[in-house]
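Visitor: I should be grateful for a close look at a single part of this structure. Please begin with one question of place and then proceed to the part itself.

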Amino acid sequence: MPRSHVIYAVFKRNFWSYFSGVTGYLFIIAFVTLGAYVAFSERFFTNNIASLDLLNEMFPWLLLFIVPAITMNIWSEERKLGTDELLFTLPVSDLEVLLGKFKAVVAVYTVALAFSLSHAIFLASIGQPDWGQLIAVYFGYWLAGAALLSAGMLASALTNSAPVAYVFGVLFAAVPVVLGTQSFKASSTIADLWLVGGLVDFLGRALQWASVGWNLTPFGRGQIQLGNVLYFASIAAFFLFLNYIVISRRRWNSGAPVHAAMPWHMLARGLCALVMVIAASIFFAQRMESVRADLTSEKLYTLTSTTYDVLKQVSDKRPVTIQAFVSRDVPREYVGKRTELLGTLDQFRSLGRGRVTVRVIDVTPFSADADEARALGVEPRKVQTERGGRVLVEDVFLGAVVQAGASEVLIPFFDVGIPIEYELTRSVRTVSQEERKSVGILDGDAKVGGGFDMSSFRSSPEWRIVTELKKQYKVEIVPADAPIDEKKYDVLVAILPSSLNQQQMENLVNYVKSGRPTLILDDPIPAFNPGLSPHQPKPRQGGNPMMGGMPGEPKADGGTAKSLVDLLGIQWKFDEVVWDTTMKKLHPEYADVVREEMVSISPQSGVASAFNKDNEITSGLQEVLLFFSGTIQPRQGSKLKFEPLLRTGTSSGLLQWDDLVEPGFMGGIEIREDPRRKADDDAHVVAAAITSPKDAQGDKINVVYVADCDLVSDWFFGVRERRLYNLDLDNVTFVLNAVDHLSGDTSYIPLRKRRAKHRPLVLVEEQKSRFIDEASKDRETAAADAAKALDDAKARFKEKVDAIRKDTSMDQIAKAQALLIAQEEEQRRVSVEEANIERTKQTQIEKSRVRMERQVNSIEASFRRLALLFAPIPALLLGLAVWIKRLQDESRQVPESRRLAGRK
């Protein structure tokens, strides 16, 4: 049994020896500085998230630098000085010496890692990191480093040269680091052989499970999984065992027959240990994945009470089957999603207790499993990979089918933005219930339900919002020409009701009067089809404008939806569009490509009530993006309750139709590139819940009204699923929450909102926002100056025309000729001046943009320099303090007579 006091004595000697010279401090300073360089690169500021995600990606490679630096002298220096022989002649065992030295190098690494906490301190100074996640991250760093330190010790035990030990340490530690970084797949020549191809694929997966990076990934997300902890423990035990064999070899030279065979015996032991480590890695990866601790602030990887309740309610008479089709090899961006999906499915299997059967199918390309997945509707994602010098496009499966009896819900692909627990829980509940609530979608010009469009002679698919609602509700397209059954639908969704004719509008108004829950989305300019704007006539029927056709029926109230907004007691102007500069502030990388009419709803706009925190529809949302949205407000004297849900920022204003829109080709419309905008410093309401008081007499209103219908367009579903353009939007979540709220089934609302809180670099954004505002004002000033100059040119022409008309010395014919000549000359002059004015305006805007980009880049560079300078300061201070103390100690040890002699 190892003795603790002996281990401590060896530990103390080796630990303090590392800090006895300057080299140890230099390695720690370099380690911390390199970490800061990786963590706070340009991409860090582009991502605008207070996390160490970039460092997580590169940390295994960073360990290849620091681990050999710590371990290179641990054995080699002993052998070089000959103190190893003295050490082993003491009454200590090899195991005690080994454990003491391992404890020492782990302690040194812990000190180095503690100095790297400067990264977390810097994060906290410029943003709001998730401290629970950071604790998991650093625990993972510590485990990974401790495991690889054992490999570095083995390298040091093989030589008496510290530089050689460093090189060997890099090579030994690189083995578990490099594993799994490249896909290990069967070549095309043997992949057709199922046995061989399957074996090679299995080996590829095993190597991935045995890699440091793969096992470190969960810690980066804020999870501590038992399987990953045991993996690192196995790596440490394996290399320590080899280390023990190496330091014990001095006893093999006694000449005894039993010792002569000892090298072969130890080789066999080492190989067995290696097999055990690989087997343990596979076992831990497959069996221990669901044993985890979730340290994230939002508990993103802990099943909610909603999921528990849904699984408990599954009846034995109506069991649920989940068939998940998962590719064995997935691209790097889907590795975390695959792991999360498999872990969540394991929890569903264990909590389902026989009522929920989970079948996970490992899918390989061109296999029968792939054909089965496609037959069930699970479509693969095309992913481009490189193998053998060739660029290949392969299918990646990551979907599921949930079935119970004849009921089925399809999840084609779990993309990076899809909340897995929500999707699975909703699907299980949907198929296990025989009765679903119903949602009616009012048919109209928007063609939300798809079908044949007479104006374009093309069939259009149903909108994604309809497909999404079908996963939870019974969905039916409701004809608007006939009275709507008040008892048939739990919720009615009306998209672009301003396009309805008079009879259709009356049917909708009568339904809303009945008090039935209704979600209304209207829009002054629907970006998905500007031709459907309320200001425009209804589309022609039976043909498009190029081919004629019957004119469309007149819109009710001329497109103003007056009867509907009067009933709701609100003011909504069908020809008024809201604009806001928040989008450019939140996403400065898109400042030059987005318009102010792309309105971002976010608490970071400076308006704390951008999302109503007291309403379950909007509480917890982070950002909603709207295109050419309108605005609403309650009418004075209305007795209805008006509860705002979405508000713009205060750097906003309103644009009239004529200021924003100009006639286009063949009766269409075109959006002006740079209309005149004037801020009114008001937070405009874009969406509100409108209800009757509980004691109200007469009509019972229960409506959620949104002055934009683009937020349910298919584009936002693509952004949500793949988090395109680095956007994490809540458009889909908002609409689904509104439907659930109106239907009275609110159990999914908390589950749907579960995700990591957006943690931006607040301090950086605050400093950059000033320059972004200045650039925005410069653009507005340039546009105003250009408009004024153009107005002045037109005014001069008008004065000249008026002067000719008032000239009494000219007859009418002469006036007409003079007017024509003046018009032609002035038209040419105005055209030239207009071109010059536009060129001057664009030059001013470009100068402002360049100045803003330089200032923003300067701010980011200054913060990066600050991070690089701040990181090594604690280690430098400690090293300086130790050096001064050593000088003082050395000075005190010099005899007084020698100090006096030195002075003479």
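In which loop is the place of D316?

Guide: The model is a predicted one. D316 is found in the loop that lies between α16 (305-312) and β3 (320-327). The residue counts as exposed, because its relative accessibility is 62% and the cut-off for that class is over 50%. D316 and G354 are 38 residues apart along the chain, and 8.2 Å separates their C-alpha atoms.

The part chosen for the close look is helix α21. It comprises the twelve residues 502-513. At 1.5 Å a residue these should span 16 Å, and the end C-alpha atoms are 16 Å apart, so the expectation and the model agree. At the start of α21, a side-chain oxygen of N501 comes to within 3.2 Å of the backbone nitrogen of Q503. After the helix comes G515, which has a positive phi, near 85°.

The next matter is which residues of α21 are buried. They are Q504, M505, N507, L508, V509, Y511 and V512. A general rule helps in reading such a list: an α-helix has 3.6 residues a turn, so residues three or four places apart point the same way. The cover over the buried residues of α21 includes the strands β9 (438-442), β13 (491-495), β14 (518-521) and β25 (702-706), together with the helix α22 (562-568).

Two of these covering strands, β13 and β14, also help to line a cavity. In the whole structure, a search finds five cavities of 30 Å³ or more. The second largest holds about 60 Å³ of space. β13, β14, α20 (464-470) and α26 (731-743) each give at least two residues to its lining. The largest share, three residues, is supplied by α26. Among the lining residues are V493, I495, L519, L521, V735, L736 and V739. By class, the lining of this cavity consists of twelve nonpolar residues, with no polar and no charged ones.

For a parallel to α21, one may turn to helix α9, which has 27 residues, 131-157. At 1.5 Å a residue α9 should span 39 Å, and its end C-alpha atoms are 39 Å apart, so here too there is agreement. The helix is mostly covered, with 23 of its 27 residues buried. D130 caps the N-terminal end of α9, where a side-chain oxygen lies 3.1 Å from the backbone nitrogen of G132.

Methods:
Residues numbered from 1 in each chain as written. Predicted model: local features only at pLDDT ≥ 70, side-chain atom pairs only at ≥ 80, totals over all residues. Heavy atoms only, no water. Helix = DSSP H or I, 4+ residues; strand = E, 2+ residues; numbered from the N terminus. Expected span 1.5 Å × (residues − 1). Buried < 20%, exposed > 50% of the residue type's maximum accessible area, 1.4 Å probe, protein only. Contact = heavy atoms within 4.5 Å. Polar contact = N/O pair within 3.5 Å; in protein donor to acceptor, adjacent residues only side chain to side chain. 1 Å grid on protein atoms, 1.4 Å probe; cavity = no way out; pocket = protein on both sides within 12 Å on 5 of 7 lines; lining within 4 Å. Points joined across faces, edges and corners; volume = space filled by probe spheres on them. Nonpolar A, V, L, I, M, F, W, Y, C, P; charged D, E, K, R; others polar.
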